[in-house]
Amino acid sequence: MTDTLILTPQQIIRKKAAGEPIQPDDSEMIQSHTIVVLVENSIGAFIRVINMFSARGFNIDSVTVGVTEDPTVSRMNIVTTGNSRIISQVLRQLSRLVDTIEVIDLTDTDYVERELCLLKVCYNRDSRSEILDVNEIFRGKVVDITSKTMTFELRGPSKKIEAFIDMMASHKIVEVARSGRVAMQRDS
Amino acid sequence: MTYDEHTKVHPVTTGDSLPEVRPEITSTSQMMSGAEILLRSLEAEGVKIMFGHPGGAVIKVYDEMHRINPEFQHILVRHEQGGTHAAEGYAKATGKVGTVLVTSGPGATNTVTGIADAYMDSVPIVVFTGQVPTGLIGNDAFQECDAVGITRSITKHSYLVRDIKDLARTVKEAYHIARTGRPGPVLVDLPKDVLLAEAPFQYPETVNMRGYAVPEAVRPEKLQRAARMIAESKRPLLYVGGGAVSSDASDSLTELARYTGIPVTTTLHGLGAFPEEDPLSLRMLGMHGTWWANQAVQHCDLIIAVGARFDDRVTGKLDSWAPHAKVIHIEIDQSCISKNVFADCAILGNVKTVLERLLPLLDPKDTTEWLEQIDVWRQECPLQYQKDDKLRAQGVIEKLRDKTGGDAVVITDVGQHQMWSAQYFRFLYSRTHITSGGLGTMGFGMPAAMGAAFGMREIGSSRPVVCISGDGGFVMNAQEMSVAAAHKLPIKLAVINNRFLGMVRQWQELFHMERYSHTDLSDTNPDFVKLAEAHHCVGLRANTPEEAKQIIDEAWEVTDRPVLMEFSVAKEEMVFPMVPAGAATGEMITDRMTPNSFV
């Protein structure tokens, strides 16, 4: 992302006045972004990052945190939404924090993303095989079963998890636990 | 995706914009209490003055202070908020880092307004707060509060020191963070057991923070691009903010403006960065800026923003601000770039360094036609007020200006008098205008003036310190008068008394159908002369222009204590011109009808 992609209202006016076309993705298109933030491995650093989002009114759709290969560094994977101007502000405000070591927006790069989901659903004799079929298609794992409920474990990109939950929604879902997205750039 | 300006560079370089650390390493193998380590660290950091208030959690620090008599002065303030504003005034007047020491709980919460003020106005201060012992944190102990949590979104950074081994390093880092890059407040929370523990003392020579980088290398291609934009522009305008003052770029800026012939307008915090008596000065822009500065903004084809952040009080309605202008933004804080106004060319770096490197790339420009046009606007709607036999705030400020010739450090509070000071004082020198701009803290003026006066004394400057305040704001921190008196600071305290919360009254009159809800202070104002006398200061009062001149002369005779001058002025006076909140910069209300809308 470069400066030239960020449009302020003022610049839109200027473009309109000059008769230049304004692409919706210039500034208005709301897009989901996956941002990796490497921070000092302390609770304070984590809170400071989250606090910045709430203090400045930015969205957080999901956030995960865990220690990295370097035990003094934590990796936060943040999923946020906004137009390019907002995202640019998010990245700048993140970089500005003293505890952040590196900030990378993975969105326009080639990256792998995964999420873990545990889903508990009620079943009966009629629905049992259909539920297991869905699970089979999504390549989930049954991790617990009682006479009334089944618990599945599913890994994959967030979209797959959402599709799985959608499919299960026609049955009685008791509980859903999602880990939030983790992501890493591909080298291939 | 390349995000060069966002990606942190490491290993981190340590660029001090205001070096003041003493070079020698201080260390000893002898055991010291945490409290003494704190004091020795401050000595090593070159701290000369500290504003503080004792309490249970920091009693050990005060005990050690009594025992070892450190190389800096401790000023006992009468309210912790006053202490933080004093530290701000000191920092803004001298360019050094201000230091505050308070106890836990209420001591810490009382500093919150001052910290927020310093955060908004990028003032380098370090606030040390006491904390209950680490074992009691979270137990709702007596005088416990989560100081780090409370101040997280109003500090540049904050620390809770849990181990005495980290104490000296934390002090070093706190001062480094406060003074470098875009300056700001840093809070260090000190649990009592850490202050009581013992350890050998070693003050680190360098800081090593991988997450904190100060932009140093200015990218040459950006400078060339900026130079090209300046060469191509016909109606350029320098828009100068507080960054030019805090990086001490005044000389470089003045040289650049005069060499190229580009006119200069400043923000409230930029006042003094460029002499306002220079023909190229358009004075202040924005909500209460001059008509001609705002017209210049609306008609210029290039804005060169220098250490400014396009605040809403400057731009008004964003989408009609400077509609014809391309923008060059010289700024040290990356998060300010393209935040409100898109920067066609953003140069990240220390303002002074950037200006110094930009100047050789520039040529003198022929801006005659542009300056003539600005002069037309200057004649069209000059700054003016009714001159009759009544005492008016603007007249008082002009009299203070005459008395000092502009060679004074002027501290203002918040409200109408603040805007009149900005409009009528005509500032000439950098660091001679100190005010609460971003947060707009009433009660800032008096203690900040005290801090500035200590700063002037420390650097051996004979520049008088003048505090211009309203009757509403003055009483909010009036208690610090006795501290200034105890230290024989000859501060001139001008209280512009209109017996109203004037700025709110102005909005009520203009936008709320003259419903003056709870802005009349005539019943609750103290007798200011007696208030001054009760605080061991001299109190004087003036009701007419003649008396005003007389008491100003009288006040300047007093050299051993503060003098409060109460100027009783008309309550109906309003600050004009004015861009109503949310309106376009071209739509100004003047004391007569706006001559024309040029936009």
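Which side chains meet in a salt bridge at 3.2 Å, N to O? In this predicted model, the partners at that distance are Arg178(A) and Glu162(A). Arg178(A) belongs to strand 8 (residues 172-178) of chain A, whereas Glu162(A) belongs to helix 6 (residues 158-168) of chain A, so the contact ties together parts of the chain that are 16 residues apart in sequence. Both ends of this pair are partly exposed, since Arg178(A) has a relative accessibility of 36% and Glu162(A) has a relative accessible area of 38%.

A search of the whole structure finds 40 salt bridges over all chains, and a second example from chain A joins the side chains of Glu153(A) and Lys141(A), with an N to O distance of 3.9 Å. Here, too, distant parts of the chain are linked, with Glu153(A) placed in strand 7 (residues 149-156) and Lys141(A) in strand 6 (residues 141-145) of chain A, 12 residues apart. Glu153(A) counts as partly exposed because its relative accessibility is 22%, and buried would require a value under 20%. Lys141(A) is likewise partly exposed, with a relative accessible area of 49%, while exposed would require a value over 50%.

In chain B, the side chains of Glu276(B) and Arg283(B) meet in a salt bridge with an N to O distance of 2.9 Å. Both of these charged residues are buried, because the relative accessibility is 6% for Glu276(B) and the relative accessible area is 11% for Arg283(B). Elsewhere in chain B, salt bridges that share partners join Glu36(B), Arg40(B), Glu43(B), Lys60(B), Glu64(B) and Arg67(B) into one network.

The setting of part of this network can be described through helix 1 of chain B, which covers residues 34-44. Of the 11 residues in this helix, 10 are buried, and the helix is therefore largely enclosed by the rest of the structure. Among the buried residues are Glu36(B) and Glu43(B), two members of the salt-bridge network, and the buried set also includes Ile37(B), Leu38(B), Leu39(B) and Leu42(B). Gly34(B), Ala35(B), Ser41(B) and Ala44(B) of helix 1 are buried as well. As general background, an α-helix has 3.6 residues a turn, so residues three or four places apart point the same way. Helix 1 of chain B is followed by Gly46(B), for which phi is positive, near 85°.

Note on methods: Residues numbered from 1 in each chain as written. Chains lettered and ligands numbered in written order. Predicted model: local features only at pLDDT ≥ 70, side-chain atom pairs only at ≥ 80, totals over all residues. Heavy atoms only, no water. Salt bridge = Lys/Arg side-chain N within 4 Å of Asp/Glu carboxyl O. Helix = DSSP H or I, 4+ residues; strand = E, 2+ residues; numbered from the N terminus. Buried < 20%, exposed > 50% of the residue type's maximum accessible area, 1.4 Å probe, protein only.
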